[in-house]
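Me: I have a new structure open and would like to learn how to read it. Could you take me through it feature by feature?

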Amino acid sequence: MLEDDDNPYEALDEASSMGTHMLAGAAAGIMEHTVMYPVDCVKTRMQCLVPDPKADYRSVYDALNKIVRHEGVRNTVRGFSAMVTGAGPAHALYFACYEKIKHVASGGKQGNHLANVVKQRMQVYGSPYQSTLLCFRDILRTEGPGAFYRSYATQLTMNVPYQSIQFMTYEFMQDLLNRDRDYDPKSHIVAGAMAGAVAASVTMPLDVCKTLLNTQEHCARTQLTYVSGMASAFRTIYQFCGIPGFFRGITARVIYQMPSTAISWSVYEFFKYAIHKNRQRQNSVSAEDRYVPSAVQLAAASAR
């Protein structure tokens with residue numbers, strides 16, 4: 001594999017690298033979540049401990065089919081605006097941090113917990129909220145600001161292993177498929193898909209806990225006012241569903257994460273490459289302009 005200093009695409013100059021990575025990361029995050037959002041909605045619903053009989057799905061295809069047929073296409077993208085609010089900035093930081101420390105350690109994406117809570121409340125079956133703003137206001141009025149941070153510790157606990165596993169798997173696959181670390185769309189897609197699948201499978205129990213803490217499913221609140229904290233979420237899930245409960249919706253999550261992570265990495269690598277090439281061209285033009293000889297210099301040269 002080439003050292004980073006030998007590959008200008010991997011080792012961008014210090015002045016431009018942070019902005020390049022943040023722009024590429026923001027574009028990747030928005031594209032990833034936009035394309036795969038309906039499957040994310042299905043994942044949230046399939047993670048419910050005691051689903052409504054009308055929302056008890058056998059598979060991802062069955063879920064999408066029933067939602068579209070009985071509720072309309074719009075219900076597959078409920079909470080979309082909340083997601084967009086958080087996805088761009090979160091992925092900009094995510095990829096910028098990744099590039100800075102990838103040779104030392106793997107860092108976690110700073111999740112937008114407020115947006116995530118609103119998004120999942122709007123995704124559940126029978127959600128009463130008509131808009132992101134109304135959902136936010138109602139949660140704030142009835143449950144207080146703390147409602148947006150009930151899953152904070154769980155999210156952090158999940159993000160550290162999730163992102164570490166994703167980075168390591170992506171780097172491992174790149175070593176196998178793209179040792180020179182050139183811009184290679186096929187290797188970015190395959191490596192991204194594998195990274196998403198492995199990381200999603202390993203951290204699945206924590207994702208189920210996060211969903212319960214964000215949605216506060218009514219069946220789980222028979223003895224508690226609210227399910228609060230990771231330990232409480234683990235106990236509640238085990239009480240209702242046993243060990244299999246921690247893997248509810250795993251198929252939907254893997255189906256969501258494989259293409260979304262592939263999209264995220266491939267779009268990120270493309271934008272990084274495109275922005276880098278554009279800046280190279282600009283620098284080249286600037287360098288030529290600096291060395292254009294003046295009319296006097298040309299005349300003197302002709303006289304010689």
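Me: Let's start with charged side chains. Which residue forms a salt bridge with aspartate 207, the closest N and O atoms being 3.3 Å apart?

Reply: That's lysine 210. Keep in mind that this is a predicted model. For a salt bridge you look for a side-chain nitrogen of Lys or Arg within 4 Å of a carboxyl oxygen of Asp or Glu, and the 3.3 Å between aspartate 207 and lysine 210 fits that.

Me: How many residues apart are aspartate 207 and lysine 210 in helix H8?

Reply: They are 3 residues apart, so about one helical turn separates them.

Me: Are these two buried or exposed?

Reply: The idea is to check the relative accessible area: under 20% means buried. Aspartate 207 has 2% relative accessibility, so it is buried. Lysine 210 is buried as well, with a relative accessible area of 7%.

Me: Which arginine meets aspartate 207 in a salt bridge?

Reply: Arginine 253 does, at 3.4 Å from N to O. This pair links distant parts of the chain: arginine 253 belongs to helix H10 and aspartate 207 to helix H8, 46 residues apart. Arginine 253 has a relative accessible area of 4%, so it counts as buried.

Me: Which residues do salt bridges with shared partners join into one network here?

Reply: Lys43, Asp207, Lys210 and Arg253. In total, the structure holds 13 salt bridges.

Me: Where else can I look for one, and how exposed are its two partners?

Reply: Try arginine 58 and aspartate 62, whose closest N and O atoms are 3.7 Å apart. Arginine 58 is exposed, with a relative accessible area of 69%, whereas aspartate 62 is buried at 7%.

Me: Now for rings. How many aromatic pairs does the count come to?

Reply: The count comes to 12 aromatic pairs. To read one, check the distance between ring centres and then the angle between the planes. Tyrosine 183 and phenylalanine 270 are 6.4 Å apart, centre to centre, with 50° between their planes, and the pair is tilted. It also links distant parts of the chain: tyrosine 183 is in the loop between helix H6 (152-177) and helix H7 (185-202), while phenylalanine 270 is in helix H10 (residues 250-290), 87 residues away.

Me: How accessible are those two rings' residues?

Reply: Tyrosine 183 is partly exposed, at 26% relative accessibility. Phenylalanine 270 is partly exposed too, with a relative accessible area of 40%.

Me: Which residues form one aromatic cluster?

Reply: Phe95, Phe167, Tyr170, Trp265 and Tyr268 do.

Me: And which ring does the charged end of arginine 150 sit over?

Reply: The ring of tyrosine 226, with the charged end 4.3 Å from its centre.

Me: Let's turn to the backbone. Which residues have a positive phi although they are not glycines?

Reply: Arginine 181 is one case, with a phi of about 55°. You'll find arginine 181 in the loop between H6 and H7, and it is buried, with a relative accessible area of 8%. Glutamine 216 is another, at about 50°. Glutamine 216 is in the loop between helix H8 (204-215) and helix H9 (230-241), and at 2% relative accessibility it is buried.

Me: What about pockets? How much space lies in the largest one?

Reply: About 470 Å³. After the volume, look at the lining: 21 residues line the largest pocket, and Val124, Tyr125, Thr215, Glu217 and His218 lie nearest its centre. Then ask what sort of residues they are: the lining divides into 10 nonpolar, 5 polar and 6 charged.

Me: Finally, let's step back. How many helices and strands are there in the protein chain?

Reply: There are 11 helices and 0 strands. Reading from the N terminus on, the elements run α-α-α-α-α-α-α-α-α-α-α.

Me: And what share of the residues of the protein chain counts as buried?

Reply: Of its 304 residues, 49% count as buried. Among them are aspartate 207 and glutamine 216.

Conventions:
Residues numbered from 1 in each chain as written. Predicted model: local features only at pLDDT ≥ 70, side-chain atom pairs only at ≥ 80, totals over all residues. Heavy atoms only, no water. Phe/Tyr/Trp six-rings, centres within 6.5 Å; stacked < 30°, edge-to-face > 60°. Helix = DSSP H or I, 4+ residues; strand = E, 2+ residues; numbered from the N terminus. Buried < 20%, exposed > 50% of the residue type's maximum accessible area, 1.4 Å probe, protein only. Lys NZ or Arg CZ within 6 Å of the ring centre and 35° of its normal. 1 Å grid on protein atoms, 1.4 Å probe; cavity = no way out; pocket = protein on both sides within 12 Å on 5 of 7 lines; lining within 4 Å. Points joined across faces, edges and corners; volume = space filled by probe spheres on them. Nonpolar A, V, L, I, M, F, W, Y, C, P; charged D, E, K, R; others polar.
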